[in-house]
Amino acid sequence: MIIPIDAVDTETLHSLVEAFVLREGTEYGAEDVSMETKVTQVLDALKSGEAVLVYSELHESVDIRPKDDVTSHSESAQEE
């Protein structure tokens with residue numbers, strides 16, 4: 001289930017993004033990216049709609065996924 005970011009408190013959203021970045025890491029090739037820079041990038045992706053918050057009832061957790069991954073996964077599940 002996709003959670004609209006405007007339905008989440010600002011501090012909670014920031015905490016979710018920080019937890020996501022910590023899980024994913026900040027090393028991207030030749031240059032490391034600072035934690036704050038990566039948090040800002042993920043927040044920007046959420047605000048622009050490139051990424052979405054996804055709640056998993058099975059795992060009772062929230063993840064951040066590229067919108068295209070969620071959309072294409074939903075479409076293939078509906079086709080089955």
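What follows is a walk through the fold, the two main helices, the core and a few individual residues of this predicted model.

Some housekeeping comes before the results. Residues are numbered from 1 along each chain as its sequence is written, and side-chain values use heavy atoms, with hydrogens and water left out. Since the model is a prediction, local features need pLDDT of at least 70 and side-chain atom pairs count only at pLDDT 80 or more, while totals for chains, interfaces and linings use all residues.

The protein chain has 3 helices and 5 strands, with helices (H or I, at least four residues) and strands (E, at least two) taken as DSSP runs numbered from the N terminus. Read from the N terminus, the order is β-α-β-β-α-β-β-α. Mean pLDDT, the predictor's confidence in each residue from 0 to 100, is 85 for the chain, and 81% of the residues reach 70 or more. Residues 75-80 are another story: pLDDT drops below 50 there, and the stretch has 0 contacts in the model beyond near neighbours in sequence. Contact here means heavy atoms within 4.5 Å. Among contacts with a separation of 6 or more, 38% join residues 24 or more positions apart.

On the surface side, the chain exposes about 5,900 Å², and carbon and sulfur atoms own 49% of that; areas come from the Shrake-Rupley method with a 1.4 Å probe, and for residues only the protein chains shown count as cover. Of the 80 residues, 22% count as buried, where buried means under 20% relative accessible area, exposed over 50%, and partly exposed in between (1.4 Å probe, protein chains only).

H1 has 15 residues and reaches 21 Å from its first C-alpha to its last, close to the 21 Å expected; the expected span is 1.5 Å times one less than the number of residues. Leu13, Val17, Phe20 and Val21 are its buried residues. They sit on the same side of H1, because they cover an arc of only 100° around the axis, the arc being that of the directions from the helix axis to the C-beta atoms. Cover for the buried residues of H1 includes H2, S4 and S5, while the face turned away carries the exposed residues Glu11, Leu22 and Arg23.

H2, with 14 residues, has end C-alpha atoms 20 Å apart, in agreement with the 20 Å it should span. Lys38, Val39, Val42, Leu43, Ala45 and Leu46 are buried in it, and they fall within an arc of 160°, so they line one face of the helix. Glycine 49, with a positive phi near 90°, follows H2.

The largest nonpolar core (buried Ala, Val, Leu, Ile, Met, Phe, Trp, Tyr and Cys residues joined through side-chain atoms within 4.5 Å) has 13 residues, and Leu13, Val17, Val21, Val42, Leu46, Leu53 and Ile64 have the most contacts inside it. H1 (10-24), H2 (35-48) and S4 (51-56) each give two or more residues, with H2 giving the most, at 5 residues. Leucine 53 touches, among others, Met1, Ile5, Leu13, Leu46 and Ile64, not counting residues up to four places away in sequence.

Two further residues deserve a mention. Glutamate 60, in the loop between S4 and S5, has a positive phi of about 50° without being a glycine, and is exposed at 65% relative accessible area. Proline 66 lies in S5 (residues 61-66) and is partly exposed, at 40%. Beyond its neighbours within four places, proline 66 contacts Glu50 and Ala51.
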